[in-house]
Structures are given as structure tokens and as C-alpha cells.
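Q: Please take a close look at one strand of this model and at the sheet it belongs to. I would also like the loop that follows and one helix pair described.

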Amino acid sequence: MSAATAKNWISAVFFIVLPCLFLMSRSAAADPVLDIVIGGQTRHFGRDELLNRPDVVDVAVANDVAYGKAMNYRALPLAALLSGLNPPPNTVIESVALDGFAAQLPLDLLTNTNPAEAVAWLAIEPDDRPWPMLPGKAQSAGPFYIVWTGASAASIRSEQWPYQLKRLESQPSPVERWPALYVDSTLPATDPIRAGLTLYVIQCLPCHTLNGAGASTVGPDLNQPMNPTQYMTRDGLHALIRDPRSVRIWPTLQMPGFSADKMSDREIGLVIAYLRHMATRRGESR
């Protein structure tokens, strides 16, 4: 074989093999994976593997939080996916999204199967039937999204519908994991500031740290270097939480705001009271 012939043969093989390798890499990347880490046990679930499970069913969601309308999904009970794993006591499940959003979800909420209450489902976006784009975004809620049905689905908070999931992991309860979130221990058990802490953990902690405590940095820290109650009026902060675009707009603004059906005026007031309290507790714990 001459050198020229050999060179042509190598070139031909290269141009045949390269597209195949590209298609193989596209195929491998096309099957997203959900990681589940519970009490040191790790499981990896590919999308196609999940869609082929016998417990996958069609689920109708009457009032989908992410899309703001009725939606239908192929989904499986989250309780079934967590079955057989043994989370440590006092555990929550941290859901981590592709953008770093990290919600802390009570384990008993996720494992309930009684339709008289709220039932959690893992919705799975099929490759051949992609979901619509999220309102105002260039992505869908896929590849994995926790949705809710059942008689009490309306009681599930907006930030407890995490989408674009990549991992579910057991973690200690937030105030045990991050003592810097905790309020002054001398406050009475019925003090509204404690209710503000509970709301903060559910609605704000998925995006914001406070005193450096939290798993997500999607948004800024809300107590360092300054607390927003120190540089904003109460009315201004209330308006920012309700509708950030009513206060200030910039191209990379991500905060969606909380409409009245997601947080009442009273609940926003409780969160502001908690933030004002925490302005005096930088660097402190219990």
C-alpha cells in the first residue's frame, strides 16, 4: 500500500468513525440521570430506566405551580423510588436542581401515599415528547420534576415543587445542619419570629444563604454583609418579595416573586420579622 493510499484510507476511516462517536456521545448524553443519596446509599436512575418501570403512570396535575396551569405527566410515586433506603433519624430530603436551587423537603411528606393528603410524584420528561418551556424561560421543567396530587396538594408550598432535578439527598434538618439560621433560644415557642423561620426555610432557603448557612447560592446571602431590613423599608422589602420587578429590574434577575396564593401578606410579614431579628445575630448560633 502506497503512502498516499494509506493516507486516504485513514482519512476515510476517520470521517466514518468520527460521526459515529459523535452520535454515541449524543446518545449517552440524551439519557439524563437522577442521583439519589440516602444515608450513604447511592442510586443512579436514568430517564429511560425510570420510564420503563412498571409503576410509571399518567398523572394529571390540576394546578401545576411551575407552569401555572393543568398539566399531564408520566410519573412514578416518589415513595416507591425511596423505598428500601434507610434515611437517618430527623432527616429531610434535599432536592438539588441543575441551577443550584436546593429545597429541603420533609421525608414524611415525600413518602406519603394516602390520596386524602398530598402525594409526591417524580415526573419524567420523555425524550420524544418534551414538555413546554417554562413561562419566561428557555427551558422546560425537565428532565425530572416533583409534582403533587391528592386532596391536600394545594397546601404544598411553591418552593416544594422543585424542577430540573439532578439529585435527591438525605440531610439533617436545616436548623441542625445550619445553627446559624436559628433564632434566639429565649424567644417563646409561640413567637411569630419562629413561624418566620419556618417560612424562610421553605420559601427562601432554596435560593439564599443566611449567615453563610444554606446549600444554594442562586441568590445573595440575606444577612451578610448586611441584612435587607437595614437598607430597605418594610414596604419596599414586602414589594420585592411579592414582585421583584415592581422594585428593580436587571437582565439576569431570577427571583420569581410570590403571588398572594403562594404567600399571604401576613406570611411575608413573618419572613420580614425573622430577617429583622436575624440582623442582630450575625455570626451567632443557638
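**A strand at the edge of its sheet**

A: In this predicted model, Trp 121 stands opposite Val 147, a residue of strand β8. The two strands involved are β7, residues 119-124, and β8, residues 144-149. β7 and β8 pair in the antiparallel sense, over six bridges. In general, strands of a sheet pair through backbone hydrogen bonds, in either a parallel or an antiparallel sense.

The wider setting is an open sheet of four strands, in the order β3-β4-β7-β8, with antiparallel pairing. β3 (57-64) and β8 stand at the edges and have a single partner strand each, so one side of each is left without a neighbour in the sheet. Direction ignored, neighbouring strands of this sheet are turned against each other by 55 degrees on average.

How is β8 placed with respect to the rest of the structure? Six of its six residues are buried, and therefore β8 is largely enclosed by the rest of the structure. The side chains of a regular strand alternate between the two faces of the sheet. In β8, Phe 144, Ile 146 and Trp 148 lie on one side, while Tyr 145, Val 147 and Thr 149 lie on the other. Both of these faces are covered, as the residues on each are all buried. Val 147, the residue opposite Trp 121, is thus on the side shared with Tyr 145 and Thr 149.

The loop comes next. Ser 158 lies in the loop between β8 and β9 (165-172). With a relative accessible area of 9%, Ser 158 falls under the 20% cut-off, so it counts as buried. Beyond its neighbours within four places in sequence, Ser 158 is in contact with Val 65, Gln 203, Phe 258 and Lys 262. Asp 64 is 94 residues from Ser 158 in sequence, and the C-alpha to C-alpha separation of the two is 9.6 Å.

The helix pair is α8 (residues 234-242) and α9 (residues 265-278), which pack at an angle of about 120 degrees with their axes 10 Å apart. The two helices are therefore oblique to each other. α8 passes α9 in a right-handed crossing. On the α8 side, the residues that meet α9 are Arg 234, Leu 237, His 238, Ile 241 and Arg 242. Their counterparts in α9 are Asp 265, Ile 268, Gly 269, Ile 272, Leu 275 and Arg 276. By residue class, this contact of α8 with α9 divides into five nonpolar, two polar and four charged residues.

How values were computed:
Residues numbered from 1 in each chain as written. Predicted model: local features only at pLDDT ≥ 70, side-chain atom pairs only at ≥ 80, totals over all residues. Heavy atoms only, no water. Buried < 20%, exposed > 50% of the residue type's maximum accessible area, 1.4 Å probe, protein only. Pairing = 2+ DSSP bridges. Axes fitted to C-alpha atoms, helices over the stretch in contact; angles between N-to-C directions. Parallel < 35°, antiparallel > 145°, perpendicular 65-115°, else oblique. Left-handed = near helix turned anticlockwise from the far one by under 90°. Contact = heavy atoms within 4.5 Å. Nonpolar A, V, L, I, M, F, W, Y, C, P; charged D, E, K, R; others polar.
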